[in-house]
Amino acid sequence: MSSAAHHRFSFAEYAELVADKGMKLEFLDGQVWAMSGGTPDHARVTTNVSTLLSGALRGRPYAVYSPDLRVRSKKTGLGTYADVTVICGGVELDPDDPKRHTATNPRVLVEVLSPSTEENDRGTKLEHYMTIPSVAEVVLVSHDARAIEIVRREADGTWSMTKTSNEGVAHLTSLDVALSLDEVYRDPLRTAEAER
């Protein structure tokens, strides 16, 4: 989260503001923050994960959503955008959002980390995600190494973390899907300068 606004917003006002401005803003405790843009590598890895999940879940009762879908923790109030969201069954829309653009029932949330967001994604944002009753797993995809961490809600309600690195395969047990790191990190960034 970056620069905070001075006005305290209700969630409905925030949803209207996002619709009017046409930009991604995060919301918490009446405050609104602009989200930073991503790098080409971040965009590539996000697309790779989304494509892999879409293919693996085809024909099953799941839908994979882009970073344009806003999600909200009703318990803490955080309104934000994950890099990839997976929802089981139909989307439950937040009744506090008059535009009906906010989902409250994500099953899996994926964050592709970046130097500017990693601390928040691993800390405060993860804590908010863990308060959403429908969330079974939060997937943290590294920006500076071939590594995926899965934070998983266990049957007894506790949380565990598993890490897969290098040539491994990350298993999302709640979806019965395996993500190959070779595929997640495929097509590394090539710049025009390097091609010359």
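Start with charge: select the Lys, Arg, Asp and Glu side chains. In this predicted model, the chain carries 22 positive and 29 negative side chains. The centres of the two sets lie 3 Å apart.

Next, show the molecular surface. About 9,900 Å² of the chain is accessible. Carbon and sulfur atoms account for 51% of that area.

Now colour by burial. Of the 196 residues in the chain, 44% are buried.

Switch to cartoon. Six helices and 13 strands make up the list of elements to step through. The chain is as compact as a globular protein of its length, because its radius of gyration, 17 Å, is close to the 16 Å that the globule rule gives for 196 residues. Turn the view along the principal axes: the C-alpha atoms fill a box of roughly 50 × 45 × 30 Å.

Then display contacts. Take those between residues at least 6 apart in sequence: 54% of them join residues at least 24 apart.

Finally, zoom in on one side chain. Select residues 40-57, which form helix 2. Pick arginine 44 within that helix. Is arginine 44 buried or exposed? Arginine 44 has a relative accessible area of 18%, so it counts as buried, the cut-off being under 20%.

What lies 3.1 Å from a polar atom of the arginine 44 side chain? Add aspartate 187 to the selection and look at its backbone: the partner there is the backbone oxygen. Keep both residues on screen, and the tour ends with a buried arginine 44 and the backbone oxygen of aspartate 187 beside a polar atom of its side chain, at 3.1 Å.

Note on methods:
Residues are numbered from 1 along each chain as its sequence is written. This is a predicted model: local features need pLDDT of at least 70, side-chain atom pairs count only at pLDDT 80 or more; totals for chains, interfaces and linings use all residues. Side-chain values use heavy atoms; hydrogens and water are left out. Helices (H or I, at least four residues) and strands (E, at least two) are DSSP runs, numbered from the N terminus. The radius of gyration is taken over C-alpha atoms; the globule rule is 2.2 Å times the number of residues to the power 0.38. Buried means under 20% relative accessible area, exposed over 50%, partly exposed in between (1.4 Å probe, protein chains only). Contact means heavy atoms within 4.5 Å. Accessible areas come from the Shrake-Rupley method with a 1.4 Å probe; for residues, only the protein chains shown count as cover. The place of a charge is taken as NZ of Lys, CZ of Arg, CG of Asp or CD of Glu. A polar contact is a pair of N or O atoms within 3.5 Å; within protein, one must be able to donate a hydrogen and the other to accept it, and residues adjacent in sequence count only if both atoms are side-chain atoms.
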